[in-house]
Amino acid sequence: MKFNMNPIVKHTTTKERAYNEIKKVILNGYISSKEIFTEVQLANSLNTSRTPVREALLDLMKEGLITSIPRKGMSIRKVTESEIEQIFVVRSSIESEVMKKLAETINEEQLEQLKYSCEQQEKAMQESDEVGFIHLDQQFHSTLIHFAGFELIEQILLSFHNLSQLIGLKAVKKSNRMQEVLLEHLKIISTLERRDPEAAVLTMIEHLNRTKESIG
């Protein structure tokens with residue numbers, strides 16, 4: 001059936017471009033949580049007017065990435081100890097169940113995909129690419145959840161994505177943490193290859209606990 005309509009071509013607005021650029025520097029760790037910045041500074045840096053920057057900042061505040069400091073400006077939202085605790089409680093509960101299931105159902109193709117993810121992480125580590133490493137770390141864990149067929153849980157955990165990236169960047173600042181994470185991921189894969197659900201669950205919990213400890 002033809003409706004004789006022309007396709008809609010969506011052009012990126014200045015507000016959307018401002019939003020994407022500001023969010024990128026936040027999640028890449030280019031702005032310290034100790035820094036205070038203003039709408040004017042960001043507008044000047046982006047070579048644009050204040051209106052699209054103001055709109056972008058409002059969206060980022062709604063997402064919980066930045067917070068307003070009265071009469072001073074904005075700062076990166078600090079993740080509280082309580083929030084970190086809650087995120088890891090949820091992740092430990094969910095990913096333990098994921099490991100139980102995968103120890104019984106994972107196939108060779110999926111194992112190879114996880115190993116490839118580790119190879120990419122090793123490359124990022126060698127290039128000292130902390131942001132790329134964190135992206136790959138999140139991808140590794142979301143892939144496990146996807147392989148387990150936990151689609152609804154996968155969507156729920158997406159709500160933690162931004163905070164998890166801020167936490168992850170803080171964790172990998174610890175000396176040798178990237179190397180430790182890589183070895184822990186390989187150990188997780190090994191337990192799945194052995195089809196050992198108890199070892200798989202224990203290895204995942206140890207991995208998450210070490211990540212949590214490295215944040216302090």
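Does Asn47 count as exposed or buried, and at what relative accessibility? Asn47 counts as exposed, at 72% relative accessibility; exposed means over 50% relative accessible area, buried under 20%, and partly exposed in between, with a 1.4 Å probe and protein chains only. The residue lies in the loop between α2 (39-46) and α3 (50-62), and Asn47 has a positive phi, near 55°, without being a glycine. Helices here are DSSP runs of H or I with at least four residues, strands are runs of E with at least two, and both are numbered from the N terminus.

The model is predicted: local features need pLDDT of at least 70, side-chain atom pairs count only at pLDDT 80 or more, and totals for chains, interfaces and linings use all residues. Residues are numbered from 1 along each chain as its sequence is written, and side-chain values use heavy atoms, with hydrogens and water left out. pLDDT is the predictor's confidence in each residue, from 0 to 100. Its mean over the protein is 90, and 94% of the residues reach 70 or more. Among the elements, helix α5 (residues 108-126) has the highest mean pLDDT, 97, and helix α8 (residues 161-172) the lowest, 83. Where pLDDT is low, the predicted coordinates should not be read in detail.

The protein has ten helices and two strands. Read from the N terminus, the order of elements is α-α-α-β-β-α-α-α-α-α-α-α. Along the principal axes, the C-alpha atoms fill a box of roughly 60 × 60 × 30 Å. Of the 216 residues, 43% are buried. Contact means heavy atoms within 4.5 Å; among contacts between residues at least 6 apart in sequence, 73% join residues at least 24 apart.

The two strands come next. Strand β1 (residues 66-69) pairs with strand β2 (residues 73-76) in the antiparallel sense over four bridges, where pairing requires at least two DSSP bridges between the strands. Ile66 stands opposite Ile76 in β2. The two strands form a hairpin with three residues between them, and Arg71 in the turn has a positive phi of about 65°.

Ser128 offers another positive phi outside glycine, at about 55°. This residue sits in the loop between α5 and α6 (130-147), and Ser128 is exposed, with a relative accessible area of 56%.

Further along the chain, Phe160 occupies the loop between α7 (151-158) and α8. Apart from neighbours within four places in sequence, Phe160 is in contact with Ile87 and Val90. The C-alpha atoms of Phe160 and Arg91 are separated by 10.0 Å, although the two residues are 69 apart along the chain.

The last stop is a cavity. On a 1 Å grid over the protein atoms alone, a cavity is a set of points where a 1.4 Å probe fits but cannot get out, and lining residues have an atom within 4 Å of a point. Grid points are joined across faces, edges and corners, and the volume is the space filled by probe spheres set on the points. A search of the whole structure finds one cavity of 30 Å³ or more, and the largest cavity has a volume of about 30 Å³. Its lining consists of Glu184, Lys187, Thr203, Glu206, His207 and Arg210. The elements giving two or more residues to this lining are α9 (177-193) and α10 (197-213), with the largest share, four residues, coming from α10. By class, the lining has no nonpolar, two polar and four charged residues. Here Asp, Glu, Lys and Arg count as charged, Ala, Val, Leu, Ile, Met, Phe, Trp, Tyr, Cys and Pro as nonpolar, and the others, Gly among them, as polar.

How values were computed. On a 1 Å grid over the protein atoms alone, a cavity is a set of points where a 1.4 Å probe fits but cannot get out, and a pocket is an open set with protein on both sides within 12 Å along at least five of seven lines; lining residues have an atom within 4 Å of a point.
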